[in-house]
Amino acid sequence: MKIYDIIIIGAGPAGLAAGLYAGRARMKTLIIEKQKNGGQIVITNEIENYPGCLDEETGPSLIDRMVKQTEKFGVDHVFDTITDCQLEGDVKVLKGLHDEYQAKAVIIAAGANPVPIGCPGEKELTGKGVSYCATCDAAFFEDFEVYVVGGGDSAVEEAMYLTKFARKVTIIHRRDELRAAKSIQEKAFANDKIDFMWNSVVEEIKGDGLVESMVIKNTKTGELTEVKADEEDGTFGIFVFIGFKPSSELFKGKVAMDEKGYIITDPDMKTDIPGVFAAGDIREKSLRQVVTAAADGAIAAVQAGKYIEEHE
Ligand code: NAP
């Protein structure tokens with residue numbers, strides 16, 4: 001069986017940047033992706049906050065170029081779901097649904113996913129009014145109305161960020177009290193642009209190509225209300241912040257993680273297992289963006305190269 005120098009799990013910006021650096025360093029490199037290259041960024045229609053991306057850049061177009069760039073440097077790509085792994089020792093073994101893979105070093109770049117509401121219409125309208133990232137999408141709602149779902153620190157902080165763009169921000173929370181820290185709550189209550197819809201959950205999101213309305217259920221009375229877009233606007237934004245989940249299930253008990261399941265690394269992206277690195281959103285860190293994921297990937301690949309050199 002072919003033993004790769006480096007296997008990268010995940011073809012989002014972190015994994016692809018790692019692939020680029022590993023490929024350019026002439027390492028035999030394989031990127032394994034479960035479903036679709038790109039990770040969370042492929043659900044973003046426009047990218048304004050990655051350096052060098054101008055008007056026509058979309059998530060898919062940026063990822064497409066990143067994939068081509070790795071191929072130019074001889075990186076192999078395969079679609080497979082890894083179901084088991086053995087990360088200790090000099091040769092790491094990854095078992096997939098279709099095949100088994102071996103490498104001297106592994107970079108885990110499997111990402112994290114926002115927890116969805118799970119209501120009808122949400123999936124279809126993601127990137128068309130439904131968003132899970134205010135930093136990425138707030139600017140598209142300049143002077144529009146937006147709704148934020150959730151009551152934790154993320155929801156309330158992101159709602160405040162959104163007030164810089166939207167003309168009105170309504171927080172939809174399932175209880176009548178926020179979970180967010182008191183200091184964050186106080187700022188939100190003092191902000192005239194923020195309104196609250198208490199004891200409420202989103203039951204359905206509707207729209208033909210763009211969000212046009214949503215059905216809200218009162219958690220106390222069960223009453224359903226339809227919130228429609230302002231006629232002149234025709235649409236509004238729904239930002240969902242009800243928690244994030246790292247895609248780290250497979251590595252539980254194998255690499256060190258924090259209590260939420262994010263993999264702990266040092267600044268060189270090293271995990272607690274020699275030869276195993278983590279990069280991007282799966283890592284315990286403060287800012288999860290394309291630019292930080294790509295930077296992590298580059299560092300992980302260079303460090304994985306050093307690790308291999310030292311072990312040969
Ligand atoms: P979180 O603290 O888990 O809050 C999730 C919020 O979403 C809660 O208000 C929860 O309601 C609500 N929720 C959960 N499932 C829901 C559902 N199915 N439908 C409707 N609402 C639902 O998540 P987070 O805000 O993303 O924060 C994650 C962690 O990061 C927290 O530890 C937080 O303190 C930290 N964080 C810190 C900062 C900061 O310090 N500046 C900023 C962001 C995040 P309930 O309240 O009813 O459970």
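Which of the 14 residues around the ligand come nearest? Among the residues near the ligand (those with a heavy atom within 4 Å of it), Asp153, Ser154, Glu157, Arg175 and Arg179 come nearest. This is a predicted model, in which local features need pLDDT of at least 70 and side-chain atom pairs count only at pLDDT 80 or more, while totals for chains, interfaces and linings use all residues. Residues are numbered from 1 along each chain as its sequence is written, and side-chain values use heavy atoms, with hydrogens and water left out.

**View 1. The shell around the ligand, by residue class.** The shell comprises 6 charged, 6 polar and 2 nonpolar residues, where Asp, Glu, Lys and Arg count as charged, Ala, Val, Leu, Ile, Met, Phe, Trp, Tyr, Cys and Pro as nonpolar, and the others, Gly among them, as polar.

**View 2. Polar contacts of the ligand (pairs of N or O atoms within 3.5 Å).** A polar side-chain atom of arginine 175 lies 2.7 Å from a ligand oxygen atom, and a side-chain N or O atom of glutamate 157 is 2.8 Å from a ligand nitrogen atom. Glycine 151 takes part through a backbone N or O atom, which lies 3.1 Å from an oxygen atom of the ligand. The protein buries 64% of the 910 Å² that the ligand exposes when taken alone, as computed by the Shrake-Rupley method with a 1.4 Å probe.

**View 3. The interface of domain 1 and domain 2.** The domain assignment, automatic or from a database, gives domain 1 as 3-114 + 244-310 and domain 2 as 130-240. In this interface, 8 residues of domain 1 are in contact (heavy atoms within 4.5 Å) with 7 residues of domain 2.

How values were computed: A polar contact is a pair of N or O atoms within 3.5 Å; within protein, one must be able to donate a hydrogen and the other to accept it, and residues adjacent in sequence count only if both atoms are side-chain atoms. Buried area is the accessible area (1.4 Å probe) that two parts lose on being put together, summed over both.
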